[in-house]
Number of protein chains: 2
Amino acid sequence: VPNFGVLLTVAYDGKTFSGFARQTNARTIAGELDGAIAVIDPKATPVRGASRTDAGVHARGQRVAFDSDKSLLPRNWALAIGAQLPTEIAITRAAVVAPGYDPRRHALHKRYRYLVLESPVRDPFLEGRAWRVPYRLNHVLMQEEAHALVGEHDFAAFRGAQDERTETVRRMFRARVRAAVDSRCIEIVVEGDRFLYRMMRIIAGTLVDVGSGRLEPNAVKRALDTRHREDLGVTAPAEGLYLEHMELDDEGAEGWP
Amino acid sequence: VPNFGVLLTVAYDGKTFSGFARQTNARTIAGELDGAIAVIDPKATPVRGASRTDAGVHARGQRVAFDSDKSLLPRNWALAIGAQLPTEIAITRAAVVAPGYDPRRHALHKRYRYLVLESPVRDPFLEGRAWRVPYRLNHVLMQEEAHALVGEHDFAAFRGAQDERTETVRRMFRARVRAAVDSRCIEIVVEGDRFLYRMMRIIAGTLVDVGSGRLEPNAVKRALDTRHREDLGVTAPAEGLYLEHMELDDEGAEGWP
């Protein structure tokens with residue numbers, strides 16, 4: 001059993017990756033992290049990720065842990081691993097935790113952000129980083145719709161067909177729609193205890209469909225009641241989604257920075 | 001003589017381009033624009049740019065004009081050209097002007113923005129889009145330094161060796177340093193009537209050198225007095241520079257949007 005656990009906070013631009021989870025013959029976030037860590041300690045375990053993001057999805061606050069027998073300061077782990085990674089991935093924090101620490105099991109809550117660019121023309125600085133819709137959206141209707149998500153509900157309607165979990169009750173702490181500072185984007189921010197598969201992309205697509213008038217208001221309320229996926233809007237594309245932040249119940253005592 | 005002039009506002013992520021000006025065997029902004037316009041009108045003139053940006057420099061408010069015999073609405077020019085361009089370039093506005101209109105000769109003022117990321121670790125979303133400095137900067141000293149730029153001065157010290165203009169008096173209207181909203185960047189914004197070659201990058205490098213303590217305060221004042229390039233700081237890298245906005249004295253009557 002290795003002596004140390006290391007918990008990292010990872011940021012990445014997901015555009016050129018086939019998602020977080022390891023795959024043979026595909027460039028993935030977990031694969032790149034394992035490769036970078038192996039340069040420093042070839043005997044380190046593979047990373048255990050807190051959240052599996054899909055292809056094209058971004059993160060500012062992904063969390064991963066691995067075990068090693070090497071005793072390095074958190075700062076040195078962060079800088080050494082970062083130096084081995086491609087520029088689309090960065091280590092923004094490191095901490096020492098117990099070996100075997102699994103960030104997925106310690107997750108208290110997650111915050112997702114979804115960026116929508118409302119514009120008839122593209123923005124070169126948001127290519128692959130926001131969903132562009134070429135029409136006007138009613139932000140007030142979107143905010144009202146988002147508000148209906150807050151609380152403890154059965155979100156069975158809010159998941160992709162691949163999700164086969166039987167327990168679909170989740171608690172959302174916060175959901176808001178606002179103009180992003182410094183860009184023509186609107187951002188949808190949702191914070192909850194756990195999320196179902198594609199849940200945030202279904203929320204974003206539903207809010208945009210209500211905002212554009214393609215879907216009647218109160219779609220969220222209806223779907224929470226009927227539990228039918230068809231009462232909601234489209235699944236928004238991966239490119240606008242950011243895993244923004246995760247709160248874990250054990251962050252490690254010695255952290256950097 | 002063609003019948004119509006078309007004036008475009010162009011935004012681009014300059015990372016993968018060898019600058020604005022046409023070159024044989026290199027991917028340039030002007031070359032891409034000419035190619036896209038030729039699809040719509042093979043007899044259109046090459047574009048006349050308002051400002052030659054260097055390799056790696058970005059723009060949100062570049063202006064270019066060309067002439068054509070085709071009578072299209074500004075909206076249709078913008079969307080048709082945009083559809084032919086790579087995703088790193090976008091047409092954000094179009095207007096009809098007199099044939100032969102040269103945006104360079106009509107420029108009243110320009111605004112540049114320079115982004116500095118103050119962080120020990122990289123930000124995947126700012127790769128190629130900000131200059132990362134791994135140490136703390138004194139923002140108050142930087143703002144004081146910037147303030148000394150405002151007014152009409154001889155900026156002979158503030159230019160690259162390649163600039164051989166004899167007339168080096170310029171007027172700066174505004175210069176400020178502030179925390180960028182929504183990121184850990186600081187932005188340096190300078191607005192002036194015209195700029196010398198590499199002037200904005202020398203200003204940014206000087207402000208950062210004063211902010212980090214590598215250069216004594218009042219470097220700007222000294223250099224305005226001595227006219228010596230050596231009294232200033234480094235030339236900041238291209239990647240943090242944005243040609244943000246240009247005001248022209250004739251914007252065209254019929255514009256879109």
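Start with both chains of this predicted model in view and select the contact between them: chain B and chain A bury about 2,300 Å² between them, with 58% of that area on carbon and sulfur atoms. To colour the two sides, take 29 residues from chain B and 29 residues from chain A, which together make up the contact. Then pick out B:Arg122, B:Pro124 and B:Phe125 on the chain B side, since these supply 32% of the area that chain B buries against chain A, more than any other three residues.

Stay at the interface and turn to its polar side. Two salt bridges are counted between chain B and chain A, and one that can be displayed directly is the pair A:Arg60 and B:Asp123, whose closest N and O atoms are 3.3 Å apart. Polar contacts between the two chains amount to twelve residue pairs, both residues being at pLDDT 80 or more. If you now show chain B as a cartoon, the elements that give two or more residues to the side touching chain A are E1, E3, H2 and E4 of chain B, and among these E4(B) gives the most, with four residues.

Next, select residues 29-40 of chain B, which form helix H1: twelve residues that reach 17 Å from the first C-alpha to the last, close to the 16 Å expected at 1.5 Å a residue. Show the side chains of B:Ile29, B:Ala30, B:Leu33, B:Asp34, B:Ala36, B:Ile37 and B:Ile40, the buried residues of H1(B). Looking down the helix axis, you will find these buried residues within an arc of 170 degrees, so they line one face of H1(B). Their cover includes strand E1 (4-12), strand E3 (58-68), helix H2 (74-84) and strand E4 (89-97) of chain B. At the N-terminal end of H1(B), add B:Thr28, which caps the helix with a side-chain oxygen 3.0 Å from the backbone nitrogen of B:Gly31.

The last part of the tour follows salt bridges, of which the structure holds 42 over all chains. In chain A, select A:Arg227 and A:Asp154, where the closest N and O atoms are 2.7 Å apart. A:Arg227 sits in the loop between helix H5 (219-226) and strand E10 (241-248) of chain A, and A:Asp154 in strand E7 (residues 151-154), so this pair ties together parts that are 73 residues apart in sequence. A:Arg227 counts as partly exposed at 44% relative accessibility, and A:Asp154 is also partly exposed, at 23%.

Move to chain B and select B:Glu191 with B:Arg111, whose side chains meet in a salt bridge at 3.6 Å, N to O. Because B:Glu191 lies in strand E9 (residues 185-192) and B:Arg111 in strand E5 (residues 107-118), the pair ties together parts of chain B that are 80 residues apart in sequence. Here B:Glu191 is buried, at 8% relative accessibility, whereas B:Arg111 is partly exposed, at 26%.

Then select B:Arg194 and B:Glu167, a salt bridge at 3.7 Å, N to O. B:Arg194 belongs to the loop between E9 and helix H4 (199-212) of chain B, and B:Glu167 to the loop between strand E7 (151-154) and strand E8 (169-179), so the parts tied together are 27 residues apart in sequence. B:Arg194, at 39% relative accessibility, counts as partly exposed, as does B:Glu167, at 41%. Finish in chain A with A:Arg113, A:Arg178, A:Glu187 and A:Glu244, which salt bridges with shared partners join into one network.

Note on methods: Residues numbered from 1 in each chain as written. Chains lettered and ligands numbered in written order. Predicted model: local features only at pLDDT ≥ 70, side-chain atom pairs only at ≥ 80, totals over all residues. Heavy atoms only, no water. Expected span 1.5 Å × (residues − 1). Buried < 20%, exposed > 50% of the residue type's maximum accessible area, 1.4 Å probe, protein only. Arc of directions from axis to C-beta. Contact = heavy atoms within 4.5 Å. Polar contact = N/O pair within 3.5 Å; in protein donor to acceptor, adjacent residues only side chain to side chain. Buried area = accessible area lost by both parts, 1.4 Å probe. Salt bridge = Lys/Arg side-chain N within 4 Å of Asp/Glu carboxyl O.
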